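Please examine the model shown below before reading on. The paragraphs that follow explain how its helices are arranged.

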Amino acid sequence: MGLLPGPGLRRLGARRFAAYGIGLLAVAVALRAVPYDPVAWACAAAIGVGLPAALIAVLTGVQQRTPGPLLGRVTATANALVFTPNVVGLAAGAALVELIGHRPLLVVLGVALAVTAAVLGQRPASADRTAARSASDASPA
């Protein structure tokens with residue numbers, strides 16, 4: 001994974017690179033529910049590529065868009081926003097796995113990640129598209 005993020009970010013842009021990483025993660029997490037060792041190994045490798053791709057895209061975006069004097073504070077806040085849901089998810093998953101088992105949870109998580117990747121894969125709103133839709137907002141009188 002070490003040599004892929006740079007060219008991937010340049011070619012795809014941070015948003016699509018993150019979307020592809022989350023998409024790969026979604027498929028790998030959902031397929032991890034299959035009780036077959038070779039599938040588990042392949043899923044572990046895919047998770048090891050997909051998750052870092054998303055994290056690299058997010059944290060690179062923070063570094064590129066943050067003014068130098070604020071970089072430390074913004075990076076700390078971004079890290080908290082990116083990694084805190086993991087803590088909450090681990091606690092919720094530990095409680096839910098006792099109730100319904102791990103395989104259905106993996107499939108549900110895979111679907112949730114796929115939806116996230118699909119939303120990220122959509123074209124972001126550009127200033128030109130916004131101006132074309134709402135002329136009064138784009139050029140107030």
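Two helices whose axes meet at an angle under 35 degrees count as roughly parallel, over 145 as roughly antiparallel, and from 65 to 115 as roughly perpendicular, with the rest counted as oblique. In this predicted model, helix α1 (residues 5-31) packs against helix α2 (residues 37-65) at an angle of about 140 degrees, and their axes lie 7 Å apart. α1 and α2 are therefore oblique to each other. Their crossing is left-handed. Among the residues that make this contact are Phe17, Gly21 and Leu24 of α1, together with Cys43, Ala46 and Gly50 of α2. By class, the contact of α1 with α2 comprises 21 nonpolar and 3 polar residues, with no charged residues.

Helix α1 also packs against helix α4 (residues 102-121), here at an angle of about 165 degrees and with the axes 8 Å apart. This angle makes α1 roughly antiparallel to α4. The crossing of α1 and α4 is again left-handed. Contributors to the contact include Arg15, Ala19 and Ala26 of α1, and Leu106, Gly110 and Leu113 of α4. The contact of α1 with α4 divides into 15 nonpolar, 4 polar and 1 charged residues.

Helix α3 (residues 71-100) can be considered by its length and its course. At 1.5 Å a residue, its 30 residues should span 44 Å, and the end C-alpha atoms of α3 are 43 Å apart, which agrees. Within α3, a kink of about 30 degrees lies at Phe83, shortly before the proline Pro85. Just after α3, Gly101 adopts a positive phi of about 90 degrees.

Notes: Residues are numbered from 1 along each chain as its sequence is written. This is a predicted model: local features need pLDDT of at least 70, side-chain atom pairs count only at pLDDT 80 or more; totals for chains, interfaces and linings use all residues. Side-chain values use heavy atoms; hydrogens and water are left out. Axes are lines fitted to C-alpha atoms, for helices over the stretch in contact, and angles run from 0 to 180 degrees between N-to-C directions. Helices (H or I, at least four residues) and strands (E, at least two) are DSSP runs, numbered from the N terminus. A crossing is left-handed if the near helix is turned anticlockwise from the far one by less than a right angle, and right-handed if clockwise. Contact means heavy atoms within 4.5 Å. Ala, Val, Leu, Ile, Met, Phe, Trp, Tyr, Cys and Pro count as nonpolar, Asp, Glu, Lys and Arg as charged, and the others, Gly among them, as polar. The expected span of a helix is 1.5 Å times one less than its number of residues. The bend at a residue is the angle between axes fitted to the seven residues ending there and the seven starting there.
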